[in-house]
Amino acid sequence: MAETTELADLAREAAGCTRCALAAGRTQVVFGTGDPEADLLLVGEAPGRDEDLCGEPFVGRSGKLLDRLLAEELGVDRRRCYIANVVKCRPPGNRDPRPAEVAACRPYLAAQIDLIRPAVVVTLGNFASRLLLQTDQGITRLRGTSYPFGDARLVPTFHPAAALRSGGEVVAQMRADLVRAKHLLGWSSEPEAGAVGPVEGGG
Ligand code: SF4
């Protein structure tokens with residue numbers, strides 16, 4: 001498929017990217033992983049130490065929790081999804097990415113969304129949710145519903161690292177959000193509970 005080739009070309013381009021200051025401190029660019037034709041795209045914030053070393057998003061404890069929730073709530077493993085971050089290189093000390101870094105890296109995520117054309121985008125945590133929904137609201141207020149996002153629907157949920165820190169209630173809410181995504185994907189035969197939110201997302 002042309003899109004698959006284009007995504008691979010984009011990953012090769014990103015591997016040598018020096019568009020922002022994060023290039024200086026990375027081990028490698030963490031472009032994204034999974035099915036280039038996935039219906040479900042998961043978007044996190046930025047690579048951490050494990051991801052920087054391994055070259056794949058969500059490979060540490062957070063990734064293990066995400067894999068478990070994908071398996072238990074959607075019945076899939078990560079190879080049926082596509083997983084990427086807003087920023088492709090690790091910020092030093094795992095600090096938040098800076099606006100200039102997000103702006104420099106944004107075209108990669110935009111191109112990934114254009115090429116993959118997912119039906120559902122799940123944003124993991126405040127950072128990705130606020131950016132893609134173009135809002136200042138926090139994840140606690142944003143989650144619990146879905147939003148229009150170009151031709152797709154966007155489901156905001158907690159970052160798995162927050163779920164690891166906070167425990168049961170946050171994990172339960174992540175589960176509910178993933179069930180919402182499952183309904184939107186048409187992967188569930190059970191009726192959906194919950195409303196559609198008012199925020200218009202960008203593309
Ligand atoms: S974070 Fe993005 S823009 Fe910055 S160097 Fe890495 S790939 Fe390039």
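The buried residues of helix H5 are Asn126, Phe127, Ala128, Ser129, Leu132 and Leu133. With 6 of its 8 residues buried, H5 is mostly covered. The model in which this helix sits is a predicted one. The cover over the buried residues of H5 includes strands E2, E4, E5 and E6, together with helix H6 (139–142). Directly after H5 comes Gln134, whose phi is positive, near 50°.

To place this helix, it helps to step back to the whole chain. The chain has 8 helices and 6 strands, and from the N terminus on its elements run α-β-β-α-α-β-α-β-α-α-β-β-α-α. The C-alpha trace spans about 45 × 40 × 30 Å along its principal axes. A compact globule of 203 residues would have a radius of gyration near 17 Å, and the chain, with 16 Å, agrees with this. Of the 203 residues, 44% count as buried. Among contacts between residues at least 6 apart in sequence, 73% join residues at least 24 apart.

The strands form an open sheet of 6, in the order E1-E3-E2-E4-E6-E5, with mixed pairing. Its edge strands are E1 and E5 (147–149), each of which pairs on one side only. Helix H5 (residues 126–133) packs on this sheet, where it touches E2, E4 (120–124), E5 and E6, and its direction makes about 135° with that of E4. At the E5 edge, E5 and E6 (residues 152–157) pair in the antiparallel sense over 3 bridges. One of the residues involved is Tyr147, whose bridge partner in E6 is Leu154.

Towards the other edge, strand E3 (residues 82–85) has partners on both sides. With E1 (residues 33–34), E3 pairs in the antiparallel sense over 2 bridges. With E2 (residues 40–44), E3 pairs in the parallel sense over 4 bridges. Ile83 of E3 takes part in both pairings: Thr33 stands opposite Ile83, and Ile83 is also the bridge partner of Leu42.

The side chains of E3 can be followed in the same way. In a regular strand the side chains alternate between the two faces of the sheet. In E3, Tyr82 and Ala84 point one way, while Ile83 and Asn85 point the other way. All of these residues are buried, whichever way they point.

The next site to look at is the ligand. A shell of 14 residues surrounds the ligand, and those that come nearest are Cys17, Cys20, Ala23, Cys89 and Cys105. The shell divides into 10 nonpolar, 1 polar and 3 charged residues. Helix H4 (residues 99–116) gives the largest share of the shell, 3 residues.

Helix H4 also holds Ala110. Ala110 has 12 other C-beta atoms within 10 Å and is therefore exposed, since 12 or fewer is the limit for that class. The C-alpha atoms of Ala110 and Leu132 are 22 residues apart along the chain and are separated by 9.9 Å. Leu132 is one of the buried residues of H5.

Two loop residues complete the picture. Thr27 lies in the loop between helix H1 (2–15) and E1. With 14 other C-beta atoms within 10 Å, Thr27 is partly exposed, because this count falls between the 12 or fewer of an exposed residue and the 20 or more of a buried one. Thr27 and Asp52 are 25 residues apart in sequence, yet their C-alpha atoms are 5.7 Å apart in space. Leaving aside neighbours within four places in sequence, Thr27 is in contact with Asp52 and Leu53.

Pro36 lies in the loop between E1 and E2. Pro36 has 19 other C-beta atoms within 10 Å and is partly exposed, as 20 or more would be needed for a residue to be buried. From Pro36 to Pro156 there are 120 residues in sequence, and the C-alpha atoms of the two are 21 Å apart. Pro156 falls within strand E6 (residues 152–157).

Key. Residues numbered from 1 in each chain as written. Predicted model: local features only at pLDDT ≥ 70, side-chain atom pairs only at ≥ 80, totals over all residues. Pairing = 2+ DSSP bridges. Near = placed C-beta within 6 Å. Nonpolar A, V, L, I, M, F, W, Y, C, P; charged D, E, K, R; others polar. Rg over C-alpha atoms; globule rule 2.2 N^0.38 Å. Contact = placed C-beta atoms within 7 Å. Axes fitted to C-alpha atoms, helices over the stretch in contact; angles between N-to-C directions.
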